[in-house]
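Trainee: I'm new to this structure and would rather know one part well than skim the whole. Could you choose one spot and take me slowly through it and its surroundings?

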Amino acid sequence: QVLCAASENRGGTWNADGTILFGGPEGISRVSAQGGQPTLATKRHPKEEAHRWPYFLPDGRHFVFLADAETSEDHQIRIGSLDSQESEILFSAISRIAYGAPGYLLYVNQGALIARGFDATSRKLTSEPVTIAEHIAEVGANHEFDFSVSNSGVVAYQSGTPDSQLTWFRSEER
């Protein structure tokens, strides 16, 4: 089922109320799961070139995303709300972002998967970054790293390069 036109595929998230957010060069767009005309959920700032990789927080109203920019120092992880196109800076990073229960933001920094304590109710950082794994694969353009987190907080990731090969080994009886 076609829901709407999208200018590029740079991440999406879907809340329990049937709102879908997806990233693009104009900002984060919003559309109903029933389909329709997308509207902008975020407003880009002058130094930003796109908003990418949205991820809903547990309340289903707020979300985190990457504000992508031409220069490294202008990349930011931001928090937005369905109630306004304005967003707030959480910290600087060049990665897609995800929320993991019971209260962590996950992202990649210099090839390492990082967890940072985050209170989703107050929408504030609660700890310094901690490395979970090294050498996380970048699998696409625009800071798409290969990791995922379930609602229960289980993390999956791919180390190495996107050209890795899955190999099956079988033990031979002698």
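**A loop and its surroundings**

Mentor: Let's start with Arg-123, which is found in the loop between β11 and β12 (124-125). Please keep in mind that this is a predicted model. What is the sign of phi at Arg-123? Phi is positive, at about 60°, although Arg-123 is not a glycine. Most residues other than glycine have a negative phi, so this one is worth a pause. Is Arg-123 buried, partly exposed or exposed? Its relative accessible area is 29%. Since buried means under 20% and exposed means over 50%, Arg-123 counts as partly exposed.

You can set it beside His-135, another non-glycine residue with a positive phi, here near 60°. His-135 lies in the loop between β13 (130-133) and β14 (147-149). With a relative accessible area of 59%, His-135 is exposed.

Back at Arg-123, look at the space beside it. Arg-123 helps to line the second largest pocket, together with residues including Ser-122, Lys-124, His-62 and Glu-86. That pocket has a volume of about 160 Å³. Two elements give two or more residues to its lining, namely β7 (76-81) and β8 (84-91). Sorted by class, the lining holds 4 charged, 5 polar and 1 nonpolar residues.

β7 and β8 lead us to a sheet. They belong to an open sheet of 4 strands in the order β5-β6-β7-β8, with antiparallel pairing. Strands of a sheet pair through backbone hydrogen bonds. The edges of this one are β5 and β8, each of which pairs on one side only. On average, and ignoring direction, neighbouring strands here are turned by 35° against each other. At the β5 end, 6 bridges join β5 to the antiparallel strand β6, residues 62-69. One pair to find on screen is Tyr-55, whose bridge partner in β6 is Val-64.

Each residue of that pair opens a path. Take Tyr-55 to begin with. Tyr-55 is among the residues nearest the centre of the largest pocket, as are Phe-56, Leu-57, Pro-58 and Asn-151. This pocket has 16 lining residues and holds about 280 Å³ of space. β1 (12-14), β5 (48-56) and β9 are the elements that give two or more residues to its lining. By class, 8 of the lining residues are nonpolar, 6 polar and 2 charged.

Now take Val-64, the partner. Val-64 is a member of the largest nonpolar core, which has 17 residues, and is among those that touch the most other members; Ile-77, Leu-90, Phe-91, Ile-97, Leu-105 and Phe-118 are the others. At least two residues of the core come from each of β6, β7, β8, β9, β10 and β11. The largest share, 3 residues, comes from β11. In soluble globular proteins, nonpolar side chains tend to be buried together.

β11 brings us back to the strand before our loop, so follow the chain backwards from there. β11 covers residues 112-119 and pairs with β10 in the antiparallel sense over 6 bridges. Val-108 stands opposite Leu-113 in this pair. The two strands form a hairpin with 2 residues between them, and Gln-110 in the turn has a positive phi of about 50°.

One step further back, 4 bridges join β9 (residues 97-100) to β10 (residues 104-109), and the two run antiparallel. Leu-105, one of the core residues just named, stands in β10 opposite Tyr-99. The hairpin from β9 to β10 passes through 3 residues. Pro-102 has its place in this loop. What kind of peptide bond joins Ala-101 and Pro-102? It is cis, with omega about 5°. Most peptide bonds are trans, so this one is a good landmark.

If you then want to look elsewhere, try the other sheet of 4 strands, an open one in the order β1-β2-β3-β4 with antiparallel pairing. β1 and β4 (39-40) each have a single partner strand, so one side of each is left without a neighbour in the sheet. Inside it, 4 bridges join β2 (residues 19-22) to β3 (residues 29-32), and Thr-19 has Ser-32 as its bridge partner in β3.

Definitions and conventions
Residues numbered from 1 in each chain as written. Predicted model: local features only at pLDDT ≥ 70, side-chain atom pairs only at ≥ 80, totals over all residues. Heavy atoms only, no water. Pairing = 2+ DSSP bridges. 1 Å grid on protein atoms, 1.4 Å probe; cavity = no way out; pocket = protein on both sides within 12 Å on 5 of 7 lines; lining within 4 Å. Points joined across faces, edges and corners; volume = space filled by probe spheres on them. Nonpolar A, V, L, I, M, F, W, Y, C, P; charged D, E, K, R; others polar. Axes fitted to C-alpha atoms, helices over the stretch in contact; angles between N-to-C directions. Core = buried A, V, L, I, M, F, W, Y, C linked by side-chain atoms within 4.5 Å. Buried < 20%, exposed > 50% of the residue type's maximum accessible area, 1.4 Å probe, protein only.
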